[in-house]
Amino acid sequence: MMKARFIVLYCIMEDEPKDLNIKGYLKLLEPDAQTLTDALLQIAQTSEVITILKVSAGDYSVVYVVSGKIEGLQCREAYEFLVQKENGLSKVAKEITSGSSEKSALSGALILAGIAVLSYAGYRYRMLSEINNLLLFIGVFFSVFGGIVRGYKKKRVRASAPRHRSE
């Protein structure tokens, strides 16, 4: 279990939040990574839990950065980032502004397909079996080490349902 210094809740919404009682928020129009990082650092001075609401309004997006957790959100997608260090907040901001979740899923699928092909080839040829063992070790090492260096841990959470006791 990763000990988090900050918890960033990220909610992608269909339309503007109307009935929510939000106090003390920052509203950003189409923010870049540096602007969102500055907003996160500003809110992080007063709260360890930060909520980011991203609303797509036609050709542009509006981002609300809110101190604390907001109950009753109707999210299309929801993520939770467990951040260890302040520089992890800037990496979270870069991930949110880049929107690279589709690219990372595709690259992950391609890597898994490559591992499957190499595993089959290693099964067929003895020399490749030794290389597969080495590649497996390197892959496990980078996945563990990459999470530590990155400074945060991202997990997808259920969008609009309340948390279950087991979570």
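This section describes the fold, one helix pair, one salt bridge and several individual residues of a predicted model.

The protein contains 4 helices and 6 strands. From the N terminus, the order of elements is β-β-α-β-β-β-α-α-α-β. Of the 167 residues in the protein, 31% are buried. Contacts between residues with a separation of 6 or more were also examined by sequence distance. Of these, 75% join residues 24 or more positions apart.

Helix 1 spans residues 33–44, and helix 2 spans residues 86–98. The two helices pack with their axes 8 Å apart. The angle between them is about 135°. Helix 1 is therefore oblique to helix 2, since an angle has to be over 145 degrees to count as roughly antiparallel. The crossing of the two helices is right-handed. Helix 1 contributes Ala 33, Leu 36, Thr 37, Leu 40, Leu 41 and Ala 44 to the contact. Helix 2 contributes Glu 86, Leu 89, Ser 90, Ala 93, Lys 94, Ile 96 and Thr 97. By class, the contact comprises 8 nonpolar, 3 polar and 2 charged residues.

Ile 96 is one of the helix 2 residues in this contact. Its relative accessibility is 4%, so Ile 96 counts as buried. Beyond residues up to four places away in sequence, Ile 96 touches Tyr 10, Leu 36, Ile 52, Lys 54 and Phe 81. Among these, Leu 36 belongs to the helix 1 side of the helix contact. Ala 33, also on the helix 1 side, is 63 residues from Ile 96 in sequence. The C-alpha atoms of Ile 96 and Ala 33 are 8.0 Å apart in space.

Glu 86 is another helix 2 residue in the helix contact. Side chains of opposite charge can pair when their charged atoms come close. The structure holds 1 salt bridge. It joins Glu 86 to Arg 5, with the closest N and O atoms 3.7 Å apart. Glu 86 lies in helix 2, whereas Arg 5 lies in the segment before strand 1 (6–13), so the pair ties together parts that are 81 residues apart in sequence. Both partners fall in one accessibility class. Glu 86 is partly exposed, because its relative accessibility is 42%. Arg 5 is likewise partly exposed, at 44%.

Strand 4 covers residues 60–67 and includes Ser 61. Ser 67 is found in strand 4 as well. The two serines differ in burial. Ser 61 has a relative accessibility of 8% and so counts as buried. Ser 67, at 32%, counts as partly exposed. Their contacts were listed without neighbours within four places in sequence. Ser 61 is in contact with Leu 28, Leu 29, Glu 30, Lys 54, Val 55 and Ser 56. One of these, Lys 54, is also touched by Ile 96. Ser 67 is in contact with Gly 24, Ile 43, Thr 46, Ser 47 and Val 49. Ser 67 and Ala 44 are 23 residues apart along the chain, and their C-alpha atoms are separated by 7.8 Å. Ala 44 is one of the helix 1 residues that contact helix 2.

Glu 30, a contact of Ser 61, has a notable backbone angle. Most residues other than glycine have a negative phi. Glu 30 is not a glycine, yet its phi is positive, at about 45°. This residue sits in the loop between strand 2 (25–29) and helix 1.

Towards the C-terminal part of the chain, helix 4 spans residues 126–150 and includes Leu 135. With a relative accessibility of 40%, Leu 135 counts as partly exposed. Leu 135 and Leu 118 are 17 residues apart along the chain. Their C-alpha atoms are separated by 9.5 Å.

Notes. Residues numbered from 1 in each chain as written. Predicted model: local features only at pLDDT ≥ 70, side-chain atom pairs only at ≥ 80, totals over all residues. Heavy atoms only, no water. Axes fitted to C-alpha atoms, helices over the stretch in contact; angles between N-to-C directions. Parallel < 35°, antiparallel > 145°, perpendicular 65-115°, else oblique. Left-handed = near helix turned anticlockwise from the far one by under 90°. Contact = heavy atoms within 4.5 Å. Nonpolar A, V, L, I, M, F, W, Y, C, P; charged D, E, K, R; others polar. Salt bridge = Lys/Arg side-chain N within 4 Å of Asp/Glu carboxyl O. Buried < 20%, exposed > 50% of the residue type's maximum accessible area, 1.4 Å probe, protein only.
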